[in-house]
Amino acid sequence: MDQIRITGGGPLKGTIAISGAKNAALPLMCACLLSEGTLRLGNIPHLADISTAVHLLAQLGVTVTMNGDGQTAKDADGHAGRVLSLTAGQIASTTADYELVRKMRASVLVLGPLLAREHEARVSLPGGCAIGTRPVDIHLGALEELGAEIELEDGYVVARAPGGLRGGVVRFPQVSVGATENLLMAASLAKGETVLENAAREPEITDLANCLIAMGAEIEGLGSDRLVIQGKPTLNGADYSVMPDRIETGTYMAAAALTGGDLTLTGTTTSTLGAVVEAMERTGVEINDDGNGRVRVWRNGARLKGTDVTTLPFPAFPTDMQAQFMAIMATAEGASLITETIFENRFMHVPELTRMGADITINGNAALVRGVDRLKGAPVMATDLRASVSLVLAGLAAEGETVVSRVYHLDRGYERLVEKLAACGADIERIRE
Ligand code: EPZ
């Protein structure tokens, strides 16, 4: 398996083009199932998860072409997000099998659209993953509110909606990004009005809602925790561009903070980062968003100060930035209490950071980080996407060499990570095994 070798060094300086958001692109791709028309999605990132989603949709009968007419529009920064054309003219199968769902939990997002379009779906239960059991009970309970009949058979969710889904009132027992996305898509073709209460407010939800509206859906309450959808008999194709990846943006902001560098991130915004901006500014990081797609992040030379963060649903501090923020706090002055409230097991980066000399004590869902002067490079192991990248970040500023194994986790969520960092002065290379 490939590894990434980093030799800790000086401040990163330069420009990084931010890719399209993985966690917006995946539900947007599943939305193609709602229409016989062609959905063209721009700014699609080159990621393993996108390829898995293409494979899954093709198995369901979707015709998928990459880069459409072969032209890839380049913006001023030479940034070339790919264009995906997806046409679900005929659904050939309504089964998402275990082999694919096992690889990517987001496959469960075909459940709502298939049920709405074909009135049936058979989707493997995702099984757990490194960061937790991650059941789908909230998805299933909510779909039953729209008239779905759901059984669990041989590890599969078998869902039927004879005569189609009907509108209803869904009150989510807890905030769930995926369940909100599944229900948004299902309700778009249900008969009548659906109200989603306690809906997730993550920007990726708003991106999906805007795409559905472009396809002819009628949705109100975007950005709020109460979404009202008037179901339509059919939806059309549409052209839509995926939002910039806010977690990739936050990750490179962390790289500038950690190395005392000065980075300009292009094709992105801080408006979707929730509490990340305030938390970073509290540590002493300088951030300037020109409102025109360019975000500059730099340090004024002083050592960063420890500050506390708690992960919660948007607009609070996102769980997907918790590991990266901990890497920054590992060498900040003073202490930082980092509390993880979304996933039950999302501290796997802690033992690896500790091997690099970090001083971190875990107590339940809280980690107390006491800043040390400098981390030391070491061979470390990645376990999930964001844990992996926090180890790369730590290696950028550590003394000596860090070798990160199992980098396939990184390929799931970061496009050209090594190239983007190397272009800003990082001493980093991928070792192909
Ligand atoms: C999405 O996962 C993201 N993935 C995750 O990003 C992100 O961490 C998460 O939202 C929270 O923001 C994608 O968008 C593809 P949830 P999702 O449903 O939808 C529990 C990354 O690194 N839950 O909001 O699966 C669940 O176990 C990934 O890019 C239930 O109990 O998250 C978790 O503890 C990691 N029952 C909590 O709710 C359910 O039916 C939040 O999960 C559904 C969820």
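This is a short talk on some strand pairings and charged contacts in the structure shown above, which is a predicted model.

Let me begin with strand β9, residues 156-160, which is mostly covered, since 4 of its 5 residues are buried. On one side of the pairing list we have strand β7, residues 120-124, which runs antiparallel to β9 and is joined to it over 5 bridges; within that pairing, E120 has R160 of β9 as its bridge partner. Strand β8, residues 149-153, also pairs with β9 in the antiparallel sense, again over 5 bridges, and here L152 is the residue that stands opposite V157 in β9. The hairpin formed by β8 and β9 has 2 residues between the strands, and in that hairpin D154 takes a positive phi near 50°.

That same D154 comes up once more when we turn to charge, because it belongs, by the definition of negative residues used here, to a negative surface patch that also contains E149, E151 and E153. Of these, E149 has its place in strand β8. How exposed is E149? Its relative accessible area is 44%, so E149 is classed as partly exposed, and that value also clears the patch cut-off, which asks for over 30%.

From there I would like to move to the salt bridges, of which the count comes to 18. As general background, side chains of opposite charge can pair when their charged atoms come close. I will go through three pairs and then one network.

The pair I take up at the start is D49 with R412, whose side chains meet in a salt bridge at 2.7 Å, N to O. This pair links distant parts of the chain, with D49 in helix α2, residues 48-59, and R412 in helix α13, residues 408-413, the two being 363 residues apart. As for their surroundings, D49 has a relative accessible area of 3% and is therefore buried, whereas R412, at 29% relative accessibility, counts as partly exposed.

The next pair is K232 with E218, where the closest N and O atoms are 2.7 Å apart. Because K232 lies in the loop between β13 (226-230) and β14 (238-241), while E218 lies in strand β12, residues 218-220, this salt bridge ties together parts that are 14 residues apart in sequence. K232 counts as partly exposed at 24% relative accessibility, and E218 is partly exposed as well, with a relative accessible area of 35%.

The remaining pair is E352 with R355, and in this salt bridge the closest N and O atoms are 3.5 Å apart. Both residues lie in helix α11, residues 349-355, where they are 3 residues apart, or about one turn of the helix. Is E352 buried or exposed? At 13% relative accessibility E352 counts as buried, while R355, with a relative accessible area of 47%, is partly exposed.

As for the network, salt bridges link D2, D411, R430 and R432.

I will close with strand β1, residues 3-7, which has pairings with two strands that I can describe. With strand β24, residues 427-431, β1 runs antiparallel and is joined by 5 bridges, and in that pairing I6 stands opposite I428. With strand β23, residues 401-405, β1 pairs in the antiparallel sense over 4 bridges, and there the bridge partner of I6 is T402. I6 therefore has a place in the description of each pairing, opposite I428 in β24 and with T402 in β23, under the pairing rule of at least two bridges.

Key:
Residues numbered from 1 in each chain as written. Predicted model: local features only at pLDDT ≥ 70, side-chain atom pairs only at ≥ 80, totals over all residues. Heavy atoms only, no water. Buried < 20%, exposed > 50% of the residue type's maximum accessible area, 1.4 Å probe, protein only. Patch = residues over 30% accessible without salt bridge, like charges linked within 9 Å, V, L, I, M, F, W, Y side chains within 5 Å. Areas by Shrake-Rupley, 256 points an atom, 1.4 Å probe, with all protein chains shown as cover. Salt bridge = Lys/Arg side-chain N within 4 Å of Asp/Glu carboxyl O. Charge placed at Lys NZ, Arg CZ, Asp CG, Glu CD.
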